[in-house]
Number of protein chains: 2
Amino acid sequence: MPKATFFNLPGKKRDLITNQAVQEFARHPYEGASLSAIVSRAGIAKGSMYQYFTGKKDLYQYIIQEVYEKKREFLKPVWEEKDRLNFFELASLYYRRSWHFARKYPLHHRVTVNFWESRDIAVRDEMLHKKEVRSTEFLEMLEAGLLSGVISRSADKDAVWFVYHAVAKALIDNFLDPGVNPESHEAYINSVLTVLELGLRPRKEQ
Amino acid sequence: MPKATFFNLPGKKRDLITNQAVQEFARHPYEGASLSAIVSRAGIAKGSMYQYFTGKKDLYQYIIQEVYEKKREFLKPVWEEKDRLNFFELASLYYRRSWHFARKYPLHHRVTVNFWESRDIAVRDEMLHKKEVRSTEFLEMLEAGLLSGVISRSADKDAVWFVYHAVAKALIDNFLDPGVNPESHEAYINSVLTVLELGLRPRKEQ
DNA sequence: CCTCCATATGACCACCCGGTCACATTCCGG
DNA sequence: CCGGAATGTGACCGGGTGGTCATATGGAGG
C-alpha cells in the first residue's frame, strides 16, 4: 500500500522510518499513535511521509503487514513439526515459540497486541482477514486432533476453538509481563496447557 | 471523588450527567472519550463539570466505581447459592447471570469492557484494585472446589485461575456480539465451561 | 432589600492532531 | 550545462482536546 516513492528510498532511510513507526505503534494503539511523533523521531518532514504513504491508516496497514510477516516467518519451524507431534505437543511448542518471539522482538509483539485490541473500524476488516490467517494453521491442527482421537470426540468443536483462542490471547498478552521469570515461564505455559488437556474434573483413571 | 457540589445537585440533573458520561465511556475507552461531548449532550457548560469533578480522570473513576457497584449488586444472587452448588454449577450460573447483566445494561457492560482493555497508566492501579475485588469471590469458589475434591487436586491452582480468567474475559467480550442468538447463547456458555471441566483429552471412564 | 456565598457559564487558552501545498532541492538524461 | 521530473520541506489549515477564569446568576439569612 505504500507509494512507489517509499520503495525507491535508500534502504537505511526506509528502515529508519519503519522502525520508528513500529516503535510508535508499539507504544500506542492506532488511534493514539502520533504521526507527528514518528516523523519527528525519524528526522523527516511531515510532508515527506505523505510522499510515501497516502495517510496514517496506510502506514499502519503496512506496518501491521510487516510485523505479521515477521511473526509468521518466525513460527514456521513449528508447523514443520506438524506430522511428528500430536496436538498437545504442537500447541505447547507453538506457545513457547510465540513467547520467544515476544522476547526477541518486544516492539513487534506490542504492535500485535495493540492491533487485536483495537476497536477502530477502519482496522477491523483488515483484522478479520489477519485473524483468519493466524487461525488457519491452528484450526487445521485442531481438526486433525479431533479426527485422530487425541482430542475427545464428544467435545464441542466451536467451544474448543473458543477456549483455545481465549487462552492463547491471554497467554500472549502476558508474555511480556515484567517480573516474569524466563525459566519458569515455559513451565507455566505448559501448566496452563495441561489444565486444558486434562480438564478440572478429577479423572478416575489416574 | 466528585466534589461536594455534585452531590448537592438535584437528583435528575446528577443522573443525566452520570448517564451521559456512561454513554460516552461505553462508546470510547478513557483516552478517546470526550469531555466536551459529555457536557454538550448533558446540556451543561464545560465549566460546570469542573465544579463537580476535578477533571476527566476524576469523572472516569467515579463512573467506573458506579458501574462496578451496579454489576456487583446484580451478581449478588449468584454468591448466595455458594453453599448449595458445586464449583461447576456456580461458574455456569455466574457467567449466565453476567450475560443477563450485559443484555440488561449494555452501556454499563461496554464501560467495563473498555475499562479492562484500557492501557492508560492513570487507570491501571485502579484497575488492579478492581480486579482484586472482582476475583475475590471467584478465587474463594476455586479454593473450595479444590478442597472438596470437585476439582482435580493435581491441577496447578495458578494455571486454573489463569485459564478461567482468560475464558471469562473472552466470554464477556463476546456477550454483546450482534447476531448472537439469546436462546443458544446460554447453551454455548455451558459448552465452553464443559470443555474446561472435562478437558480435551478423552476420558476412559466415559 | 441587601449581602454573601455557592453555583453556572462559555469565551478563551495552549496544545495537539492529521493533512495540504507552494516552494526548494536534488537528481539524471540529453 | 540545461531542463524537467522526482523528491523533500515546514509553515499552515481546520478542527479537536482538557482545562481555566472572570463574570453572571440565584437563593438563603440578617
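**Exercise 1. Count the salt bridges over all chains of this predicted model, then work out what the pair Arg201(B)–Glu197(A) joins.**

Solution. Start with the total: the rule gives 15 salt bridges over all chains. Keep in mind that this is a predicted model.

Next, take the pair itself. The closest N and O atoms of Arg201(B) and Glu197(A) sit 2.4 Å apart, and the cut-off for a salt bridge is 4 Å, so the pair counts. Now place both ends: Arg201(B) lies in the segment after H10 of chain B, while Glu197(A) belongs to helix H10 (residues 182–198) of chain A, so the salt bridge joins two chains.

Why might such a pair form at all? Side chains of opposite charge can pair when their charged atoms come close.

**Exercise 2. Describe the interface of chain B and chain A: its residues, its area and its polar pairs.**

Solution. Step one, the residues: chain B brings 38 to the contact, and chain A brings 38.

Step two, the area: about 3,500 Å² is buried between the two chains, with carbon and sulfur atoms giving 60% of that.

Step three, the charged pairs: four salt bridges cross this interface. One more pair to look up in the viewer is Lys169(B) with Asp173(A), whose closest N and O atoms are 3.9 Å apart. With a cut-off of 4 Å, that pair still makes it as a salt bridge.

Step four, the polar contacts: 16 residue pairs across the interface are in polar contact, both residues being at pLDDT 80 or more.

Step five, the elements: on chain B, helices H6 (87–104), H7 (106–117), H9 (157–173) and H10 (182–198) each supply at least two residues of the side that touches chain A. H9(B) gives the most, with twelve residues. Sorted by type, that side of chain B has 20 nonpolar, six polar and twelve charged residues.

**Exercise 3. Find what Ser191(A) touches.**

Solution. First locate the residue: Ser191(A) is in helix H10 of chain A. Then skip its neighbours within four places in sequence, and you're left with contacts to Asp156(B) and Ala159(B). Finally, check for a polar contact: the side chains of Ser191(A) and Asp156(B) make one, at 3.3 Å.

**Exercise 4. What rotation and shift superpose chain B on chain A, and through what surface do the copies meet?**

Solution. Run the superposition: a rotation of 179 degrees with 0.0 Å of shift along its axis does it, with an RMSD of 0.1 Å. The two copies are therefore related as by a two-fold rotation axis.

To find that axis on screen, go to Gly199(B): of the residues of chain B, its C-alpha comes closest to the axis, at 1.6 Å.

Now compare the two sides. 100% of the interface residues of chain B are interface residues in chain A too, so the copies meet through the same surface.

**Exercise 5. Which residues and elements surround DNA strand C?**

Solution. Count first: 19 residues surround the strand, and the closest are Ser34(A), Tyr50(A), Asn8(B), Gly47(B) and Gln51(B).

Then look at individual atoms. Backbone N or O atoms of Ala33(A) and of Leu35(A) each lie 2.9 Å from a phosphate oxygen of the strand. Gln51(B) goes for a base instead, with a polar side-chain atom 2.8 Å from a base nitrogen.

Now the elements: helices H3 (35–42) and H4 (46–52) of chain A, plus H1 (4–8) and H4 (46–52) of chain B, give two or more residues each. H4(B) has the largest share, five residues.

Last, the make-up: the surface near strand C splits into six nonpolar, nine polar and four charged residues.

Notes
Residues are numbered from 1 along each chain as its sequence is written. Chains are lettered from A and ligands numbered from 1 in the order in which they are written. This is a predicted model: local features need pLDDT of at least 70, side-chain atom pairs count only at pLDDT 80 or more; totals for chains, interfaces and linings use all residues. Side-chain values use heavy atoms; hydrogens and water are left out. Contact means heavy atoms within 4.5 Å. Buried area is the accessible area (1.4 Å probe) that two parts lose on being put together, summed over both. A salt bridge is a side-chain nitrogen of Lys or Arg within 4 Å of a carboxyl oxygen of Asp or Glu. A polar contact is a pair of N or O atoms within 3.5 Å; within protein, one must be able to donate a hydrogen and the other to accept it, and residues adjacent in sequence count only if both atoms are side-chain atoms. Helices (H or I, at least four residues) and strands (E, at least two) are DSSP runs, numbered from the N terminus. Ala, Val, Leu, Ile, Met, Phe, Trp, Tyr, Cys and Pro count as nonpolar, Asp, Glu, Lys and Arg as charged, and the others, Gly among them, as polar. Copies are superposed by least squares on the C-alpha atoms of residues with pLDDT of at least 70 in both.
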